[in-house]
Amino acid sequence: MRPVLRAGAIGAAALGLVLLVASPAAAHDGVVDSTPAEGEVLTEAPAEFSVRASDTLMYVGNDVAFGLWARDASGAFYGDGCATVTGASMTAPAVLGEPGAYTLVAAFISSDGHPTTAEIPFEWAPTGDVEAAVGTPEATRCGEEPAADGAEAPGGGEGVSADVWWIIVAVAAIALAIALTVLLARRRPRSAD
């Protein structure tokens with residue numbers, strides 16, 4: 001009976017610790033640097049767009065939660081949403097349409113496990129003739145086909161809400177706590193009472 005109580009106490013403590021660590025933080029990671037910078041006027045297209053967050057991004061191949069796009073004043077999105085993530089930074093090829101006002105839109109999972117978005121306004125004012133890309137009505141997620149004009153993007157076009165991500169992270173944390181409890185309970189040598 002004692003090992004069962006001990007395992008229960010360990011499990012409760014582990015679960016409490018996981019819930020404490022996984023609780024919402026006062027401030028999520030934010031963007032500390034970007035290309036283009038906020039308010040910048042681009043006269044030439046950069047090779048790539050980039051953002052650097054205040055801490056390491058929680059990337060584990062979860063491409064649907066990450067993306068980097070340019071959005072024009074009419075709401076059209078440019079780029080396929082695929083981003084290369086390294087530490088606290090992510091990059092994507094720069095794709096732009098006609099000259100005008102744009103917003104660099106970044107979506108990522110911050111180091112505390114929360115989905116985060118950032119919007120960085122900039123101006124596209126090329127000095128020469130450039131070939132304008134064609135935008136899509138919704139942000140395309142990496143690996144998905146772009147939505148046709150007026151059509152809804154795959155998966156509803158809205159991505160996964162912050163509430164759903166919070167639930168996924170909480171369920172994963174609880175499952176990890178249970179697995180650790182079971183593992184620890186099985187590894188403890190039994191002593192004679």
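The exercises below, each with a worked solution, concern a predicted model.

**Exercise 1. The five-stranded sheet**

Give the strand order of the open sheet of five strands, and state which strands stand at its edges.

Solution.
- Step 1. The order across this open sheet is β2-β9-β8-β4-β5, and the pairing is mixed.
- Step 2. β2 and β5 are the edge strands, each pairing on one side only.
- Step 3. β4 and β8 run antiparallel and are joined by six bridges. Within this pairing, Gly67 has Ala107 in β8 as its bridge partner, and Arg71 stands opposite Thr103 in β8.
- Step 4. β4 also pairs with β5 in the antiparallel sense, over two bridges. Here Ala70 has Tyr78 in β5 as its bridge partner.
- Step 5. β4 and β5 form a hairpin with four residues between them. Gly75, in the turn, has a positive phi of about 100°. For comparison, most residues other than glycine have a negative phi.

**Exercise 2. The two faces of β4**

Determine which residues of β4 point one way and which the other, and whether they are buried or exposed.

Solution.
- Step 1. Gly67, Trp69 and Arg71 point one way from β4.
- Step 2. Leu68, Ala70 and Asp72 point the other way.
- Step 3. Residues on both sides are buried; the count for β4 is six of its six residues.
- Step 4. As one case, Trp69 has 3% relative accessibility, which is under the 20% limit, so Trp69 counts as buried.

**Exercise 3. The four-stranded sheet**

Find the strands at the edges of the open sheet of four strands, and explain why each has a side without a neighbour.

Solution.
- Step 1. The strand order is β1-β3-β7-β6, with antiparallel pairing.
- Step 2. β1 (31-35) and β6 are the edge strands; each has a single partner strand, so one side of each has no neighbour in the sheet.
- Step 3. From one strand to the next, the twist averages 15°.
- Step 4. Four bridges connect β1 with β3 (residues 48-53) in the antiparallel sense. Ser34 stands opposite Val51 in β3.
- Step 5. Thr35 and Pro36 are joined by a cis peptide bond, with omega of about 5°. Pro36 is found in the loop between β1 and β2 (41-42). In general, most peptide bonds are trans.

**Exercise 4. The disulfide**

Locate the disulfide, give its handedness, and say where its two cysteines are found.

Solution.
- Step 1. Searching the whole structure gives one disulfide.
- Step 2. Cys82 is joined to Cys142, at an S to S distance of 2.0 Å. This value is within the 2.5 Å cut-off for a disulfide.
- Step 3. Cys82 is in the loop between β5 (77-78) and β6 (84-86), whereas Cys142 is in the loop between β9 (115-124) and α2 (162-187). The pair is 60 residues apart and links distant parts of the chain.
- Step 4. The torsion about the S-S bond is about 95°, so the disulfide is right-handed.
- Step 5. Cys82 has 24% relative accessibility and counts as partly exposed. Cys142, also at 24% relative accessibility, counts as partly exposed.

**Exercise 5. Aromatic pairs**

Classify the pairs Trp69 with Phe77 and Tyr102 with Phe122 by the angle between their planes.

Solution.
- Step 1. The count of aromatic pairs comes to five.
- Step 2. The rings of Trp69 and Phe77 lie 6.5 Å centre to centre with 80° between the planes, and the pair is edge-to-face. Phe77 is buried, at 13% relative accessibility.
- Step 3. Tyr102 and Phe122 are stacked: the centre to centre distance is 5.7 Å and the planes are 20° apart.
- Step 4. Tyr102 lies in β8 (residues 100-109) and Phe122 in β9, so this pair ties together parts 20 residues apart in sequence.
- Step 5. Tyr102 is buried at 3% relative accessibility, and Phe122 is buried at 4%.
- Step 6. Ring pairs link both of these residues with Phe49 and Tyr78 into a cluster.

**Exercise 6. The nonpolar cores**

Describe the largest nonpolar core and name the element that gives the largest share of it.

Solution.
- Step 1. The largest nonpolar core has 25 residues. Phe66, Leu68, Met90 and Phe122 have the most contacts inside it.
- Step 2. β3, β4 (67-72), β7 (89-93), β8 and β9 each give two or more residues to this core.
- Step 3. β8 gives the largest share, five residues.
- Step 4. A second, separate core has five residues, including Trp69, Phe77, Val105 and Ala107.

Note on methods: Residues numbered from 1 in each chain as written. Predicted model: local features only at pLDDT ≥ 70, side-chain atom pairs only at ≥ 80, totals over all residues. Heavy atoms only, no water. Buried < 20%, exposed > 50% of the residue type's maximum accessible area, 1.4 Å probe, protein only. Pairing = 2+ DSSP bridges. Axes fitted to C-alpha atoms, helices over the stretch in contact; angles between N-to-C directions. Phe/Tyr/Trp six-rings, centres within 6.5 Å; stacked < 30°, edge-to-face > 60°. Core = buried A, V, L, I, M, F, W, Y, C linked by side-chain atoms within 4.5 Å.
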